[in-house]
Amino acid sequence: MTESRQLALLRRHRIRPKRSLSQNFLVDESWLGRIADAARLDRDVLVLEIGAGLGGLTHYLAEAARQVIAVELDDVLAGILEGEFADRPNVRILHADATAVDPSVLAWDGDVQTLGFVAVGNLPYHAGNRILRHLYTGSVLRPKRVVALVQSDVADRICARPGDMSLLSVSCQLHADVKPLLRLPAGAFLPRPRVRSTLLELTTCPDLPCLSDVEDVMRVARAAFGQRRKQLAKTLAAALAVPRQRLAENLRGSGIDPTRRPETLSVDEWKAAAAAVRCSK
């Protein structure tokens with residue numbers, strides 16, 4: 001592993017990673033560079049970095065992007081980052097919880113409504129799902145792309161195809177096309193996690209549903225996955241208080257067999273299922 005400035009910062013400030021914040025610092029410089037390259041940034045890009053940590057990835061992002069707003073929850077790390085990037089005018093450190101940040105009201109260097117933004121980050125294991133959900137539903141301004149490092153089993157669930165779908169895969173694929181980019185070894189991190197990590201790219205759909213339509217689809221999906229071993233029409237009729245026979249007819253009209261299980265439906269079929277529920281009331 002290539003010695004990094006992150007290891008030096010850990011020693012200098014006597015930092016002990018906090019298990020409560022799932023702090024596994026990516027300290028291998030070669031992997032940091034590969035992640036920045038995979039993010040495909042250019043000088044017009046505005047970047048929201050989630051979980052800046054010791055700033056290892058921040059340095060690479062700042063070299064490539066127009067501006068980086070680096071979000072860090074940890075009090076001590078946020079203060080260290082302020083000092084580390086004091087001479088970088090295109091880097092702004094934001095001491096905040098990523099699940100409470102609204103990108104539409106941040107002070108961006110440029111018109112973010114026109115340029116859009118890319119979210120990049122090493123997501124903490126305990127909060128990765130919540131952060132991804134917030135990026136797509138917590139603001140009227142949603143990212144053009146998300147390049148996120150998550151634990152590999154979560155990445156596999158996000159990228160699942162019909163037959164293995166879950167509520168998480170439906171939620172993510174409703175907003176974006178997803179694909180894995182890199183798989184990182186545990187040895188690239190300090191402390192060494194017990195799991196491997198995968199870098200995912202989520203490219204936001206050009207015909208992204210409005211937030212009310214997203215919630216409509218997710219309400220139906222949550223109801224179905226709540227009883228995932230049962231047939232679709234039976235579960236939805238009971239959970240959402242709609243006539244079962246009418247719902248079954250509307251599902252068939254949408255090309256969906258009402259006896260299917262929720263893990264077999266594609267995202268487009270979930271949209272159709274939500275419409276069938278609306279028409280059955």
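In the predicted model, Arg40 occupies the loop that links α2 to β2. Its phi is positive, at about 55°, although Arg40 is not a glycine. This residue comes just after α2. With a relative accessibility of 49%, Arg40 counts as partly exposed, the exposed class being reserved for values over 50%.

Helix α2, which covers residues 29-38, has 7 of its 10 residues buried and is therefore largely enclosed by the rest of the structure. The buried positions of α2 are Glu29, Trp31, Leu32, Gly33, Ile35, Ala36 and Ala38.

A positive phi also occurs at Ala241, again in a residue other than glycine, with a value near 55°. Ala241 is placed in the loop between α10 (232-240) and α11 (244-253). Its relative accessible area is 69%, so Ala241 is exposed.

The chain as a whole contains 12 helices and 9 strands. Its radius of gyration is 21 Å, close to the 19 Å given by the globule rule for 281 residues, and the chain is therefore as compact as a globular protein of that length. The C-alpha trace extends over about 65 × 40 × 30 Å along its principal axes. Among contacts in the chain with a separation of 6 or more, 67% are between residues 24 or more positions apart.

Of the 281 residues, 54% count as buried. The accessible surface of the chain amounts to about 13000 Å², and carbon and sulfur atoms contribute 49% of this area. The chain carries 39 positive and 32 negative charges, and the mean positions of these two sets lie 8 Å apart.

In soluble globular proteins, nonpolar side chains tend to be buried together. In this model, the largest nonpolar core comprises 33 residues, of which Leu48, Trp108, Phe117, Val146, Ile158 and Leu202 touch the most other members. At least two residues of this core come from each of the strands β2 (46-50), β3 (67-72), β6 (145-151), β7 (176-184) and β9 (197-204), and from each of the helices α6 (128-137), α7 (152-158) and α8 (167-175). The most is given by α6, with 4 residues. Another core, of 30 residues, lies apart from the largest one and includes Val68, Ala70, Val91 and Val147.

Two of the core residues named above, Val146 and Leu202, were examined further. Leaving aside neighbours within four places in sequence, Val146 is in contact with Ala119, Leu132, Leu135, Tyr136, Leu200, Glu201 and Leu202.

Leu202 belongs to strand β9. This residue has a relative accessibility of 1% and counts as buried, the limit for that class being under 20%. When residues up to four places away in sequence are not counted, Leu202 touches Tyr136, Lys144, Arg145, Val146, Cys172, Ala176, Asp177 and Val178. Tyr136 is thus on the contact list of Val146 and also on that of Leu202. Leu202 and Arg12 are 190 residues apart along the chain, and their C-alpha atoms are separated by 36 Å.

Notes. Residues numbered from 1 in each chain as written. Predicted model: local features only at pLDDT ≥ 70, side-chain atom pairs only at ≥ 80, totals over all residues. Heavy atoms only, no water. Core = buried A, V, L, I, M, F, W, Y, C linked by side-chain atoms within 4.5 Å. Buried < 20%, exposed > 50% of the residue type's maximum accessible area, 1.4 Å probe, protein only. Contact = heavy atoms within 4.5 Å. Rg over C-alpha atoms; globule rule 2.2 N^0.38 Å. Areas by Shrake-Rupley, 256 points an atom, 1.4 Å probe, with all protein chains shown as cover. Lys, Arg positive; Asp, Glu negative; His and termini not counted. Charge placed at Lys NZ, Arg CZ, Asp CG, Glu CD.
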